Amino acid sequence: MTNDVSDRAENAGRGWLKGAVRALALMACAGLAGCQASSLGDGLQASKSNVPALSSSTYGNGQVLVTMLLPTDAALRKKAADIADGAKLALDDLGAGQLRIDFQAGSSTSGQAVSKVKAAAAAGAKLIIGPATNKEVTQIISGTSLPRPPILALVPNNSAGGTHIWPLYGDAIDSALEGVGVAVAAKQKNIVVVHEAGFPAENLLRLREGIKLKGGNTVGFVPYPASGINLRAAFAKGQVVFSKANTIVLLGGGRAIGEVIDILAAGEFGQSIATAIATSLIPEDIYKRPSAQGLMVAIPSTSDVDVIAERFKAKYGRSPSYDAAIGYDSIAIAAGLVRSGGPDAITVENLTSSQGFRAATGLFRFRPDGRIERRMIVHRIENGSLKVIQEEGEGF
């Protein structure tokens, strides 16, 4: 990055912040305390740890069986262990005497996901949690048929969901749409989407549909090379689209995203843009860039994880991760339904209640179309950290 670009980005960063403050003044609630929220991944990410692989086992002695399909892959072992420990804590807290968990451990490349789902159904499982990869979910979709237990997969929101299969993690599109909702409410409705070339078309379609549902208008899409080469040329091709927009959504979290933000914040492209929305994909070190000041970023709530933190740490000797909270919530859902409706209450109808669920990972609901809808906390980047401008709310 040249000094010239750096200087212009610094000035543009202040401009974006000014625009964001003006556009969002009506949405910011007086008295909300600013906070630095941790960056959360979009689900299971590679982990360089020496955690041993899980073994298949059973936990609890209740009559309602829940099967969990967890990976033994070296890169996913810590995440799998956190999910399993969170699930055990939830059973102790909420499902003791009513639930039992059958942990089925195996490599995500073993090709056994279909046979394990069929075995769980034959054993009388009321709910299946897992698997951890989209490839396995796709295998289950093509290799099984109804009736079978509902499945809460340990994957991000995407198009891989099938009938009676829902992801448990939100993704960058969910994050972007939370920011879009705030922008639209502030009359910044004309939206241009800037994304890495090759970004899945089905996710771009989901974003366009979501923008429409929020009351916004997608004026166009501007792709850029993920390598970061010839970014200015890519943006120049989108000049007409930029000129129609007052809000920009920036998709991507790879090595080029910092320079993308620098160039667009400098104001050469999209002088009419007052509101800029990044997503949960951007690394935390981006928050420190002068050009990033004023960007909106929506991420899942971590405050509710504190509800389980003390008990989790007492039981396992470490603080719970977001993955541990996902494991906790997956069993808390089952336990809550069984406690309120009996052993046969884990049904598609109850899982897709429009009221949704509030648990350790915040507020969410499972949609009939096979996706999860997660409310997130919307922040604005100021002085290198995240400041809350809209909480996740009390309901849908």
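This is a predicted model, and its protein chain has a mean pLDDT of 85, with 85% of the residues reaching 70 or more. Two stretches call for care. Residues 1–15 have a pLDDT below 50, and beyond near neighbours in sequence this stretch has 20 contacts in the model. Residues 17–48 also have a pLDDT below 50, and there the model shows 77 contacts beyond near neighbours in sequence. Where pLDDT is low, the predicted coordinates should not be read in detail.

**A look at helix 5**

Let's walk along helix 5, which covers residues 172–185. At its start, a side-chain oxygen of aspartate 171 comes to within 3.2 Å of the backbone nitrogen of isoleucine 173. How far apart are the end C-alpha atoms of this helix? They are 20 Å apart, and this agrees with the expected span, because 14 residues at 1.5 Å a residue should also give 20 Å.

Is helix 5 mostly covered or mostly open? It is mostly covered, since 12 of its 14 residues are buried. Among them are Ala172, Ile173, Leu177, Val180 and Val184, and also the charged-type names Asp174 and Glu178. Just after the helix, lysine 187 takes a positive phi of about 70°.

**Rings that meet**

Now to the aromatic side chains, where the count comes to 10 pairs. A pair of aromatic rings is described by the distance of the centres and the angle of the planes. Here are two of the pairs:

| Pair | Centre to centre | Angle between planes | Type |
|---|---|---|---|
| Tyrosine 169 and tyrosine 322 | 6.2 Å | 55° | tilted |
| Phenylalanine 242 and phenylalanine 269 | 6.3 Å | 40° | tilted |

The tyrosine pair links distant parts of the chain: tyrosine 169 belongs to strand 6 (residues 165–169) and tyrosine 322 to helix 11 (residues 322–341), 153 residues apart. Tyrosine 169 counts as buried because its relative accessibility is 1%, under the cut-off of 20%. Tyrosine 322 is buried as well, with a relative accessible area of 12%.

The phenylalanine pair also joins distant parts of the chain, 27 residues apart. Phenylalanine 242 sits in helix 8 (residues 239–243), while phenylalanine 269 is in the loop between helix 9 (257–265) and strand 10 (275–277). Both of these phenylalanines are buried.

Which residues do ring pairs link into a cluster? They are Trp166, Phe357, Phe364 and Phe366. One member of this cluster, phenylalanine 364, has a further partner: arginine 374 lies over its face, at 4.5 Å from the ring centre.

Conventions:
Residues are numbered from 1 along each chain as its sequence is written. This is a predicted model: local features need pLDDT of at least 70, side-chain atom pairs count only at pLDDT 80 or more; totals for chains, interfaces and linings use all residues. Side-chain values use heavy atoms; hydrogens and water are left out. pLDDT is the predictor's confidence in each residue, from 0 to 100. Contact means heavy atoms within 4.5 Å. Helices (H or I, at least four residues) and strands (E, at least two) are DSSP runs, numbered from the N terminus. The expected span of a helix is 1.5 Å times one less than its number of residues. Buried means under 20% relative accessible area, exposed over 50%, partly exposed in between (1.4 Å probe, protein chains only). A polar contact is a pair of N or O atoms within 3.5 Å; within protein, one must be able to donate a hydrogen and the other to accept it, and residues adjacent in sequence count only if both atoms are side-chain atoms. Rings of Phe, Tyr and Trp (its six-membered ring) pair if their centres lie within 6.5 Å; planes under 30 degrees apart count as stacked, over 60 as edge-to-face and the rest as tilted. A charge sits over a ring if NZ of Lys or CZ of Arg is within 6 Å of the ring centre and within 35 degrees of the ring normal.
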